[in-house]
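User: Could you walk me through a few contacts in this structure? I would like to go from helix packing to individual side chains.

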Amino acid sequence: MLFTLPVLDGAGLRHMLLVKEGDNITDAVEAFCIRHNISNYYDDDAAARDFAKRVHDLASEKHNATKGRAVLLEIPVNLVDGRLVSLRVREGEQHDLFSVVRDFIEAYAVNAGMFDSLVNELDKRLPTALLFQPVTVGDRTFNLRITAPDPKDIEKTILSFALLHGIDKAYVPELRQRVLSKLHPGVLAAPPRPLEA
């Protein structure tokens, strides 16, 4: 699975657009919209066409953003129907394993009873966290998973999280300093500034 995009149809039902490696975005979105009666691309009204275009635009953005992020972890999952699929965690997603697994379970219709097992397996295989830094984005709070003490590694981790969640990059040095202050209690931290490249 490359990425998923949850979509509510006109009747209020939630469906998961699943885009796999090598899928053509336009074809995947059109098939999804037709299957879930969002748009038939033939004789529907302007609102349906506009919404289908919005789904396509968001899927294209998510595709471009996802392709640029490295895969940190991949585990094979055997599905009930015999298929073997990969559950991947990309850079920036390690801070929200619950959403990664929730989307995977919904996209592949995996038994919800597997949720905790999959989250625990991902958590076990990721590098051990030195620190979890709470970060609020909108109405959600994430626990930034910091696995290395080096300021450059910390900044890279924070930057990938910021880019994934639409946080202004100017906030990254401030958050880096907060993390470093927690890693080194009792140390006086200078005001934040960007690291030299």
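Analyst: What follows is a short conversation about helix packing, one strand residue and some aromatic pairs, all in a predicted model.

User: Fine, helices to begin with. At what angle do H1 and H2 pack?

Analyst: Helix H1, residues 25-35, packs against helix H2, residues 46-67, at an angle of about 140°, and their axes are 10 Å apart. That angle makes H1 oblique to H2, because only angles over 145 degrees would count as roughly antiparallel.

User: And is the crossing left-handed or right-handed?

Analyst: The crossing in which H1 passes H2 is right-handed.

User: Which residues meet there?

Analyst: From H1 the contact involves Ile25, Thr26, Val29 and Cys33, and these meet Ala52, Val55, His56, Ala59, Ser60 and His63 in H2. Sorted by character, the residues of this contact of H1 with H2 comprise 6 nonpolar and 4 polar ones, with no charged residue taking part.

User: Switching topic: where does Gln133 lie?

Analyst: Gln133 lies in strand E5, which covers residues 131-137.

User: Buried or exposed?

Analyst: Gln133 is buried, because its relative accessible area is 3% and the cut-off for that label is under 20%.

User: What does Gln133 touch, leaving out residues up to four places away in sequence?

Analyst: With those set aside, Gln133 touches Phe142, Asn143, Leu144, Leu175, Arg178, Val179 and Lys182. For one of these, Arg178, the separation from Gln133 is 45 residues in sequence and 8.5 Å in space, taken from C-alpha to C-alpha.

User: Phe142 makes me think of rings. How many aromatic pairs are there in the whole structure?

Analyst: A search of the whole structure finds 3 aromatic pairs. One of them is formed by Phe104 and Tyr108, whose ring centres are 5.1 Å apart and whose planes stand at 50°, so this pair is tilted. Both residues lie in helix H3, residues 97-108, and they are 4 residues apart, about one turn of the helix. Phe104 and Tyr108 are both buried.

User: And what about Phe142 and Phe161, how are their rings arranged?

Analyst: The centres of the Phe142 and Phe161 rings are 5.4 Å apart, and with the planes at 75° the pair is therefore edge-to-face. This pair links distant parts of the chain, since Phe142 belongs to strand E6, residues 140-146, while Phe161 belongs to helix H5, residues 151-165, with the two positions 19 residues apart in numbering.

User: Which relative accessibility values go with those two?

Analyst: Phe142 has a relative accessible area of 3% and is therefore buried, and Phe161, at 1% relative accessibility, counts as buried as well.

How values were computed:
Residues numbered from 1 in each chain as written. Predicted model: local features only at pLDDT ≥ 70, side-chain atom pairs only at ≥ 80, totals over all residues. Heavy atoms only, no water. Axes fitted to C-alpha atoms, helices over the stretch in contact; angles between N-to-C directions. Parallel < 35°, antiparallel > 145°, perpendicular 65-115°, else oblique. Left-handed = near helix turned anticlockwise from the far one by under 90°. Contact = heavy atoms within 4.5 Å. Nonpolar A, V, L, I, M, F, W, Y, C, P; charged D, E, K, R; others polar. Buried < 20%, exposed > 50% of the residue type's maximum accessible area, 1.4 Å probe, protein only. Phe/Tyr/Trp six-rings, centres within 6.5 Å; stacked < 30°, edge-to-face > 60°.
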